[in-house]
Amino acid sequence: MEMWDIYDADKKRTGRTMKKNDWCLKDGEYHLTVLGVVAHQDGRFLITKRVMTKAWAPGWWEVSGGAAQAGEDSQAAVLREIQEETGLDVSAWDGGYLFSYKRENPGEGDNYFVDIYRYTADFDEKDIRLQKEETDGYMLATVDEIRAFGAQGIFLHYDSIKEAFEMQSSSYSISSREAGAAPAR
């Protein structure tokens, strides 16, 4: 059974865990999720389409991501999620941590931090191996195409992460530790 660490409002682990998708968090408690933007050197981005069997946002476009597992730091989680969902090992690619945001859902037990990463390389599409349980296709999309999906309301988290698509690659070179991500325990 997958377990997630519980974090406090300062993004520090509390030492407690929760079961995956067991929305039991109190106000001031959070779990950690990650999103990984995969950029091709030609300026397009790898986006995937969610399978129609997803309970939330089926058929929407998104970038790779998910929850950090208990004991897993943010960077390890995003590298794992990208590899699981796309088959791409981006660990040696240019890029890294960009920014974080916090989502609070009072009374729902589902408060979370989201760490956003972006990795860039001149990758070959033949190396993409989609996780069939999660994804129902992909495309290499331009910023304008992604913006259009966002305007249509069919791109997951678009308003929260849109700057990740528009940033110049030289503007993000800090490590997870410099960004204040919680170290692995």
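**Exercise 1. Strand 3 and its surroundings**

How many of the residues of strand 3 are buried, and what does this say about the place of strand 3 in the rest of the structure?

*Solution.* The structure is a predicted model.

Step 1. Apply the cut-off: a residue is buried if its relative accessible area is under 20%.

Step 2. Count the residues of strand 3 that meet this cut-off: 10 of the 10 are buried, so strand 3 is largely enclosed by the rest of the structure.

Step 3. Examine the two faces. One side carries His 31, Thr 33, Leu 35, Val 37 and Ala 39, the other carries Leu 32, Val 34, Gly 36, Val 38 and His 40, and all of these are buried. Both faces of strand 3 are thus covered.

**Exercise 2. The partners of strand 3**

Determine which strands pair with strand 3 and in which direction each of them runs.

*Solution.* Step 1. Take strand 8: 10 bridges join it to strand 3, and the two run parallel. In this pairing, Ala 39 has Thr 120 of strand 8 as its bridge partner.

Step 2. Take strand 6: strand 3 is joined to it by four bridges, in an antiparallel arrangement. Here Leu 35 is bridged to Gly 65 of strand 6.

Step 3. Take strand 4, residues 45-50: two bridges link it to strand 3, again antiparallel. Val 38 stands opposite Leu 46 of strand 4.

Step 4. Describe the connection between strand 3 and strand 4. These strands form a hairpin with four residues between them, and Gly 43 in the turn has a positive phi of about 95 degrees.

**Exercise 3. The largest pocket**

Describe the volume and the lining of the largest pocket.

*Solution.* Step 1. State the volume, which is about 930 Å³.

Step 2. Identify the residues around the centre. The lining consists of 34 residues, of which Asn 21, Arg 50, Trp 56, Gly 66 and Ala 67 are the closest to the centre of the pocket.

Step 3. Assign the lining to elements. Those that give two or more residues are strand 3 (31-40), strand 6 (64-67), helix 1 (74-86) and strand 8 (112-121).

Step 4. Sort the lining by class: it holds 13 nonpolar, nine polar and 12 charged residues.

**Exercise 4. Three residues in loops**

For Lys 11, Ala 57 and Asn 105, decide whether each is buried or exposed.

*Solution.* Step 1. Begin with Lys 11, in the loop between strand 1 (3-7) and strand 2 (13-19). Its relative accessible area is 12%, so Lys 11 is buried. Lys 11 also has a positive phi, of about 65 degrees, although it is not a glycine.

Step 2. Continue with Ala 57, in the loop between strand 4 and strand 5 (61-62). Because its relative accessible area is 8%, Ala 57 is buried. Its phi is positive as well, near 55 degrees.

Step 3. Set these phi values in context: most residues other than glycine have a negative phi.

Step 4. Finish with Asn 105, in the loop between strand 7 (94-103) and strand 8. At 18% relative accessibility, Asn 105 counts as buried. Apart from its neighbours within four places in sequence, Asn 105 is in contact with Asp 110, Asn 111 and Tyr 112.

**Exercise 5. Confidence in the model**

State the mean pLDDT of the chain and where the pLDDT is below 50.

*Solution.* Step 1. The mean pLDDT of the chain is 91, and 91% of its residues reach 70 or more.

Step 2. The pLDDT is below 50 over residues 170-185; this stretch has 27 contacts in the model beyond near neighbours in sequence.

Technical notes
Residues are numbered from 1 along each chain as its sequence is written. This is a predicted model: local features need pLDDT of at least 70, side-chain atom pairs count only at pLDDT 80 or more; totals for chains, interfaces and linings use all residues. Side-chain values use heavy atoms; hydrogens and water are left out. On a 1 Å grid over the protein atoms alone, a cavity is a set of points where a 1.4 Å probe fits but cannot get out, and a pocket is an open set with protein on both sides within 12 Å along at least five of seven lines; lining residues have an atom within 4 Å of a point. Grid points are joined across faces, edges and corners, and a volume is the space filled by probe spheres set on the points. Ala, Val, Leu, Ile, Met, Phe, Trp, Tyr, Cys and Pro count as nonpolar, Asp, Glu, Lys and Arg as charged, and the others, Gly among them, as polar. Buried means under 20% relative accessible area, exposed over 50%, partly exposed in between (1.4 Å probe, protein chains only). Two strands pair if DSSP finds at least two bridges between them. pLDDT is the predictor's confidence in each residue, from 0 to 100. Contact means heavy atoms within 4.5 Å.
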